[in-house]
Amino acid sequence: MSSMDAVERISEALGRAVRGLEPDVVERIRRAFDEERSKEGRMVLSRILENIEVAGRTGLPLCQDCGMFWCLVEVGRSCRTSLGDIEAVINAACGRAVVDYSFRRSVVEDPVFTRKNTGDNLPPVIHWGLVDGEDVTISFLLKGFGSENCSGVRMLRPTEGADGVVAAVVEMMKAAGGKPCPPVFLGVGIGGTMDRAAFLSKKALLRPVRQHSHDGKLASLEERLLEEVNKLGIGPGGLGGTVSCLALSIEADATHIAGLPVALSVNCWADRRAVIHFKGGVLC
Amino acid sequence: MLTIKLPYDEEALLSLVASEEVLLSGRLHVGRDQVHKRLYDTIQAGGGLPFDFNGAGIYYMGPSPAPEGLPIGSAGPTTSARMDPYSPCLMEHGLRLMIGKGPRSQAVMEAIRRCKAVYLQAYGGCGALYAQCVKSCKVIAYPELGPEALLELEVVDMPLFCMIDAHGGIYQRPSI
């Protein structure tokens, strides 16, 4: 495979993600329309389904906020492609997708002072991880910022346990209300350091809809959190209703005796993901 | 379903009622974070505004680029709360129709009541749907802001929901 092929594969996947959702996500939204009990909530969900249909038919982005590229690269320990080459392919693919699929240019280079637009949505936020074997898997989120602005981290006391986790997530979602384009998908990261918890909350968003944690206790906590968030009654579009959160995943990791970091990543209903797998880790 | 045509007249603005769906047509202005900051700064400095607030509505939006042959790309609402620090000042200077998504601050709600203004909600994330309602689009100020420039659109039958009306009516979520 030449590096151009890899760039094309990735940019095409990003182009598909900006215009349409994975089948599991669309199916979940359709089911929400059947489940929703408020009239206004159903009205919002029907507009959302109509929007998905229009984007599919016209090739327009689902949402004008085409997001910031967030990316997790899982590199096989025996992979023979250099990390530098993988990074170059990712940057080229993101830059190409932005042009080919008319992404809005939403990234500024200096967050505080000039806020000058980079003009190409680069740089992507890249996280690197090592896995066994030689394959490379690149997972993207097109992270919209209406929802990202509602994300957050809380550093709980180590003794607060599951109740503390629930209270923290509920508190952040209560503050979010109708701002993040509900119904939302939620990723919860627990443990590690402050930044590790935040990373885990994004990684949790990559899990397919309704795929619970393999850990039974975490799977129950996922159920409990989903129920508690939906009890807030935020509803589709924030107009009230039974469906505020479509799905919630937790990723957890070891932490320090003195702490219990909890991070929440909020994603709007337009849960735009792309996963590209390179067998044998050959990108160029 | 209520309808309103922009520029609005007093009667049309007063006909909007909280909790009702609204179809909006006509000339609609578009501005988000940086436009609000600039309008606010211009007012504070006693300068002239780039468009007449009288009869006008402002839509919190920044579109994706227009594909060939279309007037605009994806064109859904952005989060209104970020305009909250500036909106009361704009209302004091004649702006009475705002369109965005999500809740408003207490200060904005009070200014809406005081100025007999209206807040409409667009359906969040539905950018492709709203692109279909836009017939023309031109930049009228701050082109250097790129996707955040101040725009003037011609829209037809834009589906919205009235959150706060000019009579003090506020949409209340149903209890579940």
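The points below describe the sheets, domains, cores and cysteines of this structure, which is a predicted model.

1. Domains of chain A. Chain A is divided into domain 1, made up of 3–15 + 62–144 + 272–281, and domain 2, which covers 145–267. The C-alpha centres of these two domains of chain A lie 25 Å apart, and the contact between them takes 12 residues from domain 1 of chain A and 14 residues from domain 2 of chain A.

2. The sheet β2-β1-β3-β8 of chain A. In this order 4 strands of chain A form an open sheet, and the pairing within it is mixed. Its edge strands are β2 (125–131) and β8 (273–278) of chain A, each of which pairs on one side only, and neighbouring strands of the sheet are turned by 15° against each other on average, direction ignored. Strand β1 (residues 68–76) of chain A runs parallel to β2(A) and is joined to it by 7 bridges; within this pairing, V75(A) has L130(A) of β2(A) as its bridge partner. Helix α1 (residues 3–19) of chain A packs on the sheet, where it touches β1, β3 (136–143) and β8 of chain A, and its direction makes about 160° with that of β8(A).

3. The sheet β4-β7-β5-β6 of chain A. This open sheet also has 4 strands with mixed pairing. Strands β4 (152–156) and β6 (245–255) of chain A stand at its edges with a single partner strand each, so that one side of each is left without a neighbour in the sheet. On average, neighbouring strands here are turned by 15° against each other, direction ignored. Strand β4(A) and strand β7 (residues 260–267) of chain A run antiparallel and are joined by 5 bridges, and V153(A) is matched with A263(A) as its bridge partner in β7(A).

4. Helices on the β4-β7-β5-β6 sheet. Two helices of chain A may be followed here. Helix α6 (residues 161–176) of chain A lies across β4, β5 (184–192) and β7 of chain A, and runs at about 35° to β7(A). Helix α8 (residues 216–231) of chain A, in turn, lies across β5 and β6 of chain A, running at about 135° to β6(A).

5. Surroundings of E148(A). This residue is found in helix α5 (residues 145–148) of chain A. With a relative accessible area of 19%, E148(A) is buried, because the cut-off for a buried residue is under 20%. When residues up to four places away in sequence are not counted, E148(A) touches K143(A), K202(A) and V266(A). The C-alpha atoms of E148(A) and S46(A), which are 102 residues apart along the chain, are separated by 24 Å.

6. Nonpolar cores. The largest nonpolar core has 95 residues, and those that touch the most other members are I29(A), W269(A), L24(B) and L120(B). Strand β7 (residues 150–164) of chain B gives the most to this core, with 10 residues, while at least three residues are drawn from each of domain 1 and domain 2 of chain A. Leaving aside neighbours within four places in sequence, L24(B) is in contact with several residues, including L97(B), I99(B), L120(B), V155(B), V156(B) and M158(B). Apart from the largest core lies another core, of 31 residues, among them F69(A), C79(A), I138(A) and I276(A).

7. Strand β5 of chain B. In this strand (residues 118–122), 5 of the 5 residues are buried, so β5(B) is largely enclosed by the rest of the structure. In a regular strand, side chains alternate between the two faces of the sheet. Both faces of β5(B) are covered, since V118(B), L120(B) and A122(B) on one side and Y119(B) and Q121(B) on the other are all buried. Strand β4 (residues 97–100) of chain B pairs with β5(B) in the parallel sense over 4 bridges, and in this pairing G100(B) stands opposite Q121(B).

8. Cysteines. How many disulfides does the structure hold over all chains? There are 0. The sulfur of C89(B) lies 10 Å from the closest cysteine sulfur, which belongs to C115(B), and this is too far for a bond; C89(B) itself is buried, with a relative accessible area of 12%. C137(B) is likewise in no disulfide, the nearest cysteine sulfur being that of C133(B), 14 Å away, and at 30% relative accessibility C137(B) counts as partly exposed.

Terms used
Residues numbered from 1 in each chain as written. Chains lettered and ligands numbered in written order. Predicted model: local features only at pLDDT ≥ 70, side-chain atom pairs only at ≥ 80, totals over all residues. Heavy atoms only, no water. Pairing = 2+ DSSP bridges. Helix = DSSP H or I, 4+ residues; strand = E, 2+ residues; numbered from the N terminus. Axes fitted to C-alpha atoms, helices over the stretch in contact; angles between N-to-C directions. Contact = heavy atoms within 4.5 Å. Disulfide = S-S within 2.5 Å. Buried < 20%, exposed > 50% of the residue type's maximum accessible area, 1.4 Å probe, protein only. Core = buried A, V, L, I, M, F, W, Y, C linked by side-chain atoms within 4.5 Å. Domains from an automatic or database assignment.
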